[in-house]
Amino acid sequence: MSSLLNVSIEGHIAQVTNNNPPANTWTLDSLKELKNIITELNSNKAVYALVLTGQGEKFFSAGADLNVFASGDKGVAFDMASVFGEAFETLRDFNGVTIAAINGYAMGGGLEVALACDIRICEDQAQMALPEAKVGLLPCAGGTQNLSWLVGEGWAKRMILCGERVDSKTALKIGLVEEVVAKGGSLEAAMKLAQQTSQQSPTSITACKQLIQAGRAASINSALPLERELFVSLFNSKDQKEGVNAFLEKRAPVWLNE
C-alpha cells in the first residue's frame with residue numbers, strides 16, 4: 001500500500017486515511033492507489049463499509065497540489081483529470097456503504113472525494129468549498145454533478161460559480177453533510193454509523209445502493225422496474241434465505257455476502 005494512504009480493517013469496516021501532510025493533497029500515485037484499494041476491498045466479502053478520513057486535525061483534504069498544473073501542460077491536466085475521475089467513480093460504485101469523516105478543510109478534490117461517498121459526517125470547525133474557478137480551473141472529479149445532485153442547483157452555483165465557502169452549520173442546512181459532530185469526533189461517529197451495516201445484508205446493501213443512485217441517470221419510471229428485478233434477484237442469494245429465516249427463528253443473522 002502507498003504510504004500516502006493508510007488502510008486498516010476492523011470487523012466489517014475498512015478505514016482509509018489520506019496521510020499526505022500538511023494538507024492531505026491527492027497525487028497521481030495516491031489516486032491510483034485509492035482505485036486499487038477499493039477494487040481489492042470490493043473482492044473482500046467480509047467488508048461491508050468503508051470510512052474515509054484525513055490524517056491530523058486541520059485537513060480532510062485540500063484536493064490537488066496546484067504546482068502540478070503550474071506549467072499549463074495539457075498532457076498533465078489530462079492524466080490528473082483521468083485518475084481523479086477513475087478513483088472517485090470507483091469509490092462512488094463501491095459495493096458497500098462509504099462514509100466520509102470530514103475532520104477539517106475539504107477543498108476542491110478534497111470535497112469531491114467526500115461527495116463521491118454515500119454519507120458525510122463533518123466536525124464543527126470543518127469548511128468546504130469547490131474553489132477551482134478562482135484559479136482558472138473547474139471541478140473535474142464529479143464536483144459539478146454530485147454537488148448539484150446533493151444540494152440543488154442554486155447552492156451548487158453559489159459554491160462553484162461564486163466561490164462560496166460553507167461552514168459546518170451551512171453544510172448541514174443545505175444537505176451537503178448528514179451530521180455535524182464536535183472537533184475530533186468525525187471518525188468515531190463514522191465508525192459507529194458504519195458498524196450499523198453489520199446488521200444489514202451486504203447483498204441487499206449493494207442492490208439498494210444501485211437503485212438509489214439509478215435515479216441520477218434515468219427517470220423514476222425506468223428505475224421502478226429495476227427495483228422489482230433486483231428484489232427478485234436477491235432470492236438467488238444465501239443472505240436472503242438467512243435473513244428471513246433468522247428473523248423467523250428470532251436470532252441474529254450470519255451474513256455471508258453471497
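Helices here are DSSP runs of H or I with at least four residues, numbered from the N terminus. Keep in mind that this is a predicted model. With that settled, helix α8 gives the largest share of the lining of the second largest pocket, at five residues. Below is a quick tour of the two biggest pockets, the nonpolar cores and one buried serine.

**Second largest pocket**
- This pocket holds about 460 Å³ of space.
- Its lining runs to 22 residues, and V97, D118, I119, K209 and I212 are the ones nearest the centre.
- Besides α8 (202–214), at least two lining residues each come from β5 (97–102), β7 (119–123) and α4 (143–151).
- Sorted by class, you get 12 nonpolar, five polar and five charged residues in that lining.

**Largest pocket**
- The volume of the largest pocket comes to about 530 Å³.
- Its walls are made up of 28 residues, with A64, L66, F69, E132 and L137 lying nearest the centre.
- Two elements, α2 (74–92) and α3 (109–115), give two or more residues to this lining.
- Helix α2 gives the most, with six residues.
- The class breakdown for the largest pocket is 17 nonpolar, five polar and six charged residues.

**Nonpolar cores**
- As a rule of thumb, nonpolar side chains in soluble globular proteins tend to be buried together.
- In this model the largest nonpolar core has 44 residues, and the members touching the most others are L34, F88, I102, L111, M128, L147 and L176.
- Helix α2 shows up again here, giving the most to this core with six residues.
- A separate core of 13 residues lies apart from the largest one, and its members include I13, V97, A101 and V181.
- V97 therefore turns up in two places, since the definition of a core takes in buried Val residues: V97 belongs to the 13-residue core and is also among the residues nearest the centre of the second largest pocket.

**I102 up close**
- I102 is one of the best-connected members of the largest core.
- Setting aside neighbours within four places in sequence, I102 is in contact with F60, A114, R120, I121, C122, E123, A126, M128, V177 and S186.
- M128, one of those contacts, is likewise listed among the core members that touch the most others.

**S30, a serine tucked away**
- You'll find S30 in helix α1, which spans residues 28–42.
- S30 counts as buried because its relative accessibility is 1%, and the cut-off for buried is under 20%.
- Not counting residues up to four places away in sequence, S30 touches L4, L5 and T25.

Key: Residues are numbered from 1 along each chain as its sequence is written. This is a predicted model: local features need pLDDT of at least 70, side-chain atom pairs count only at pLDDT 80 or more; totals for chains, interfaces and linings use all residues. Side-chain values use heavy atoms; hydrogens and water are left out. Buried means under 20% relative accessible area, exposed over 50%, partly exposed in between (1.4 Å probe, protein chains only). Contact means heavy atoms within 4.5 Å. On a 1 Å grid over the protein atoms alone, a cavity is a set of points where a 1.4 Å probe fits but cannot get out, and a pocket is an open set with protein on both sides within 12 Å along at least five of seven lines; lining residues have an atom within 4 Å of a point. Grid points are joined across faces, edges and corners, and a volume is the space filled by probe spheres set on the points. Ala, Val, Leu, Ile, Met, Phe, Trp, Tyr, Cys and Pro count as nonpolar, Asp, Glu, Lys and Arg as charged, and the others, Gly among them, as polar. A nonpolar core is a set of buried Ala, Val, Leu, Ile, Met, Phe, Trp, Tyr and Cys residues joined through side-chain atoms within 4.5 Å.
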